[in-house]
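Please open the structure in your viewer and keep the sequence beside it. The tour below goes from one selection to the next and says what is found at each stop.

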Amino acid sequence: MVIDNLDLVRNTIVGVISRNESIQGMGYDDLFQTGCEALCHAAINYQAKRGASFRTFASLVIRNRLLSHCRVVNRLQAPLEYLEEPLHDAEGATLGDTLVCAATDTQKIEDWSMIQILLDTRKNYKGIAQKGIDALWMRCMGHTSMEIASYYGVRPNHISAWISRAGSKLRNDRRFSCL
């Protein structure tokens with residue numbers, strides 16, 4: 001059954017998963033291996049008396065296993081994001097160059113110690129404010145709002161709202177008034 005249905009793995013990877021060869025575990029070969037393991041699992045656990053065809057059952061098992069794999073890779077990858085080279089926006093400037101101080105909205109954060117304060121401040125907040133601080137940090141590291149939105153799986157205007165919420169909280173933080 002496994003050999004006859006290997007096309008299910010390829011079709012699921014192509015149709016459901018967004019591959020990224022630059023992320024360990026998200027390349028086609030890694031995904032194919034995970035899909036083949038899922039196909040073997042489906043072959044072992046298939047029960048024809050339940051009424052579903054093997055292809056239908058196997059497709060669901062493969063899809064669910066690949067999605068779980070992607071979630072795990074994403075969870076493991078998230079702490080490593082800071083190691084990447086800063087990305088540039090369309091104008092060529094990194095967003096770390098253009099991030100304005102939350103206290104004054106006019107002064108740029110150019111001191112890395114202020115970025116460390118931003119990260120230290122993160123633990124004092126929850127929810128949208130905390131996500132906004134994370135988004136500010138990612139902007140400091142050079143990621144665009146589009147990239148951050150893609151990372152979180154939301155629209156870019158959500159990122160702007162999160163940053164706005166974080167900015168309103170940080171304006172009241174005395175550590176940011178010294179900028």
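## First stop: a residue in a helix

Begin by selecting D134, which lies in helix α6. Bear in mind throughout that this is a predicted model. Is D134 buried or exposed? Its relative accessibility is 14%, and because buried means under 20%, D134 counts as buried. Now show what surrounds this residue: leaving aside residues up to four places away in sequence, D134 touches R122 and Y152. Keep Y152 in mind, as a later stop returns to it.

## The whole chain

Zoom out and colour the protein chain by its helices and strands, and you will find eight helices and zero strands. Followed along the sequence, the chain reads α-α-α-α-α-α-α-α. The protein chain has 179 residues, of which buried residues make up 36%. If you turn on the surface, about 10900 Å² is exposed, and carbon and sulfur atoms supply 52% of that area. As for contacts between residues at least 6 apart in sequence, 62% of them join residues at least 24 apart.

## The nonpolar cores

Next, select L118, I133, L136, I159 and L170, which are the residues with the most contacts inside the largest nonpolar core, a set of 17 residues. Which elements give two or more residues to this core? They are α6 (127-140), α7 (145-152) and α8 (156-170), and the largest share, seven residues, comes from α6, the helix in which D134 lies. Apart from this core lies another, of 16 residues, and to find it you can select L39, A42, F54 and V73, which are among its members.

## Aromatic pairs

How many aromatic pairs does the structure hold? There are five, and two of them are visited here.

For one of these, select Y46 and F57, whose ring centres are 5.9 Å apart and whose planes stand at 45 degrees, so the pair is tilted. This pair links distant parts of the chain, eleven residues apart, with Y46 in the loop between α2 (28-45) and α3 (54-77) and F57 in helix α3. Y46 is partly exposed, with a relative accessible area of 22%, and F57, at 27% relative accessibility, also counts as partly exposed. Add F54 to the selection, and you have one aromatic cluster, formed by Y46, F54 and F57; F54 was also among the residues of the 16-residue core.

Then move to Y152 and W162, an edge-to-face aromatic pair with 5.1 Å from centre to centre and 85 degrees between the planes. Y152 lies in helix α7 and W162 in helix α8, so the pair ties together parts that are ten residues apart in sequence. At 27% relative accessibility Y152 counts as partly exposed, whereas W162, at 6%, counts as buried. Y152 is also one of the residues that D134 touches.

## Last stop: the cysteines

Finally, select C36 and C40. A disulfide is a covalent bond between the sulfur atoms of two cysteines, and a search of the whole structure finds zero of them. Why is C36 not bonded to C40? The closest cysteine sulfur to that of C36 is the one in C40, and it lies 6.8 Å away, too far for a bond. Select C70 as well before you finish: at 16% relative accessibility, C70 counts as buried.

Conventions:
Residues are numbered from 1 along each chain as its sequence is written. This is a predicted model: local features need pLDDT of at least 70, side-chain atom pairs count only at pLDDT 80 or more; totals for chains, interfaces and linings use all residues. Side-chain values use heavy atoms; hydrogens and water are left out. A nonpolar core is a set of buried Ala, Val, Leu, Ile, Met, Phe, Trp, Tyr and Cys residues joined through side-chain atoms within 4.5 Å. Buried means under 20% relative accessible area, exposed over 50%, partly exposed in between (1.4 Å probe, protein chains only). Helices (H or I, at least four residues) and strands (E, at least two) are DSSP runs, numbered from the N terminus. A disulfide is a pair of cysteine sulfur atoms within 2.5 Å. Rings of Phe, Tyr and Trp (its six-membered ring) pair if their centres lie within 6.5 Å; planes under 30 degrees apart count as stacked, over 60 as edge-to-face and the rest as tilted. Contact means heavy atoms within 4.5 Å. Accessible areas come from the Shrake-Rupley method with a 1.4 Å probe; for residues, only the protein chains shown count as cover.
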